Amino acid sequence: MIVVMIIFGLLAAFFAYWILHEVIQSAIDNSAMARNIQEIRDHLVGKTVEQPQTAGGEEHENCPGCGHLVHKSDRACANCGLALRDSD
Ligand SMILES: [Zn+2]
């Protein structure tokens with residue numbers, strides 16, 4: 001009878017630990033997911049709000065990454081940091 005009680009006790013302890021672990025893990029996942037969703041939403045909102053500027057002349061072009069107007073001599077986009085050309 002004592003053996004059965006010990007086994008039940010161990011099972012209960014393991015089960016409690018497992019539930020606690022799952023709850024904590026899901027809470028961590030949820031916060032990480034919420035943060036990712038926030039970032040994606042900010043990214044999408046930023047993309048839609050910020051209208052891509054059109055290139056006005058020979059000196060300028062649009063960044064292939066974000067559409068930001070960049071000077072042709074720029075090596076990287078000032079807006080998103082994308083490398084526009086290889087440094088030589
Ligand atoms: Zn860019």
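A nonpolar patch is made of residues with over 30% relative accessible area and no salt bridge, in which nonpolar side chains are joined within 5 Å. In this predicted model, Phe 14, Phe 15, Trp 18, Ile 19 and Val 23 form such a patch on the surface, and together they offer about 530 Å² of accessible area. One of these residues, Ile 19, sits in helix α1, which covers residues 2-49. The relative accessibility of Ile 19 is 38%, so this residue counts as partly exposed, a class that lies between the limits of 20% and 50%.

It helps to set this patch against the chain as a whole. The protein chain contains 1 helix and 2 strands, and reading along the sequence gives the pattern α-β-β. Of its 88 residues, 6% count as buried. The accessible surface of the chain amounts to about 7400 Å², and carbon and sulfur atoms contribute 65% of that surface. Among the contacts with a separation of 6 or more, those between residues 24 or more positions apart make up 3%.

The two strands lead to the metal site. Glu 61 belongs to strand β1 and, with a relative accessible area of 25%, is partly exposed. Along the chain, Glu 61 and His 71 are 10 residues apart, and their C-alpha atoms are separated by 6.3 Å.

The zinc ion is coordinated at 2.3 Å by the SG atoms of four cysteines, namely Cys 63, Cys 66, Cys 77 and Cys 80. The angles among the 4 donor atoms run from 106 to 113°, and the site is tetrahedral; this follows because four donors receive that label if all angles lie between 85 and 135 degrees. In sequence, the donor residues follow the spacing C-x2-C-x10-C-x2-C. Cys 63 is found in the loop between β1 (60-62) and β2 (69-71), whereas Cys 80 is in the segment after β2, so this pair ties together parts that lie 17 residues apart in sequence.

The two cysteines of this pair can also be described by their accessibility. Cys 63 has a relative accessible area of 4% and is therefore buried, since the cut-off for that class is under 20%. Cys 80, at 42% relative accessibility, counts as partly exposed. The zinc site thus draws on a buried donor residue, Cys 63, and on a partly exposed one, Cys 80.

Note on methods. Residues numbered from 1 in each chain as written. Predicted model: local features only at pLDDT ≥ 70, side-chain atom pairs only at ≥ 80, totals over all residues. Heavy atoms only, no water. Donors = N, O, S within 2.8 Å, 3.2 Å for Na, K, Ca; no water. Tetrahedral: all angles 85-135°; square planar, octahedral: opposite > 155°, others 65-115°. Helix = DSSP H or I, 4+ residues; strand = E, 2+ residues; numbered from the N terminus. Buried < 20%, exposed > 50% of the residue type's maximum accessible area, 1.4 Å probe, protein only. Patch = residues over 30% accessible without salt bridge, like charges linked within 9 Å, V, L, I, M, F, W, Y side chains within 5 Å. Areas by Shrake-Rupley, 256 points an atom, 1.4 Å probe, with all protein chains shown as cover. Salt bridge = Lys/Arg side-chain N within 4 Å of Asp/Glu carboxyl O. Contact = heavy atoms within 4.5 Å.
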